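Thanks for sharing this one. Here are a few notes to read alongside the model.

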Amino acid sequence: MTAAISLIFWGLCSAALTMYNRWLLYHRSFRFPISLTCLHSMSNFLLARTYLSLNGRRAPVPSWREYAIDYWPVGVLQSCSIVLRNSAALHSSVSNLQQISGFAPLLVYTFSIALGLESLSKQKVSSLLFVLVGVSAASIGEFFVQPRGLVLQLTGLTCETMKSTWLKRNLVSGGKALDLVETLSLLSPIILISTLPVALVYESDSMLRFIAHDPTVMIELCGNIALAVVLNLAYLHSVKTCKVTTCAVATVIKDCFLVYISPFVFGSSVQYSSA
């Protein structure tokens, strides 16, 4: 029951943030996906450390080996995933991008077998191949229309699934106690370090000019950042309570919801093959 509630809450938060990001980056013309990732990670870190301090808890200090093996790969993969998928939102509609996310269960299952988290099952393989055929049929037309956005989304999805399996293997199945706030406080600086130099070089000047021209975007950014913090906590809780493949299947259900709801929200169209 706890796992089901966790997945439902995570799915709702993820769907809401996906549409919020699309609206902010594309319709609101805040075309700075790397800077948005930096703002998310900075806020996650500050809020996590503040929560720990207010509750009289000290931030954990892992060894250099734990940082290198357990946290840095997860943080770097997450930063790549967020930046790539946010960038994809600049080039393709939400419904088209979520179709590509249907590949997630197959990718997760493949990585899970490679890392020893799951065993090979004929039933799962046949089910996932069925999903693969359906997703491929739905996406092939969009690939020729909007190739850049779909390639960015698929690359980001690969990073996301690698991150999920690595997180499950090293921090959950590895026997470590996964405290949600502590983990967030450790991963957020890694994401910030991975993305901040690029954001400073390519986006900082343009973003500051955009904010100076329209200061109301700061209110919209605060709402976006708050939702991202809640989503990260919900995601970590779902990884703690559910199998990685189960989370991936729940992601597909969420993506199907977005495929059908986004045309009503943003006025985009969905082809018959995609439906």
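1. Which residues in helix H5 (residues 104-114) are buried? In this predicted model, they are Ala 104, Pro 105, Val 108, Tyr 109 and Ser 112. Their directions span an arc of only 125° around the axis, which puts them on the same side of H5. The pattern is a familiar one: an α-helix has 3.6 residues a turn, so residues three or four places apart point the same way.

2. While you are looking at that helix, have a glance at what comes after it. H5 is followed by Gly 116, and the phi of Gly 116 is positive, near 80°.

3. Next, please look at Thr 165, which lies in helix H7 (residues 147-172). Thr 165 counts as buried because its relative accessibility is 1%. Its side chain has polar partners on the backbone: a polar atom of that side chain lies 3.1 Å from the backbone oxygen of Thr 161, and the side chain also reaches the backbone oxygen of Met 162 at 3.0 Å.

4. Now the cysteines. Why is there no bond between Cys 80 and Cys 159? The sulfur of Cys 80 has its closest cysteine sulfur in Cys 159, 5.0 Å away, and that is too far for a bond, given that a disulfide needs the two sulfur atoms within 2.5 Å. Cys 159 is likewise in no disulfide, and the count for the model comes to 0 disulfides.

5. One last point on this pair concerns exposure. Cys 80 counts as partly exposed, at 32% relative accessibility, whereas Cys 159, at 13%, counts as buried.

Terms used:
Residues numbered from 1 in each chain as written. Predicted model: local features only at pLDDT ≥ 70, side-chain atom pairs only at ≥ 80, totals over all residues. Heavy atoms only, no water. Helix = DSSP H or I, 4+ residues; strand = E, 2+ residues; numbered from the N terminus. Buried < 20%, exposed > 50% of the residue type's maximum accessible area, 1.4 Å probe, protein only. Polar contact = N/O pair within 3.5 Å; in protein donor to acceptor, adjacent residues only side chain to side chain. Arc of directions from axis to C-beta.
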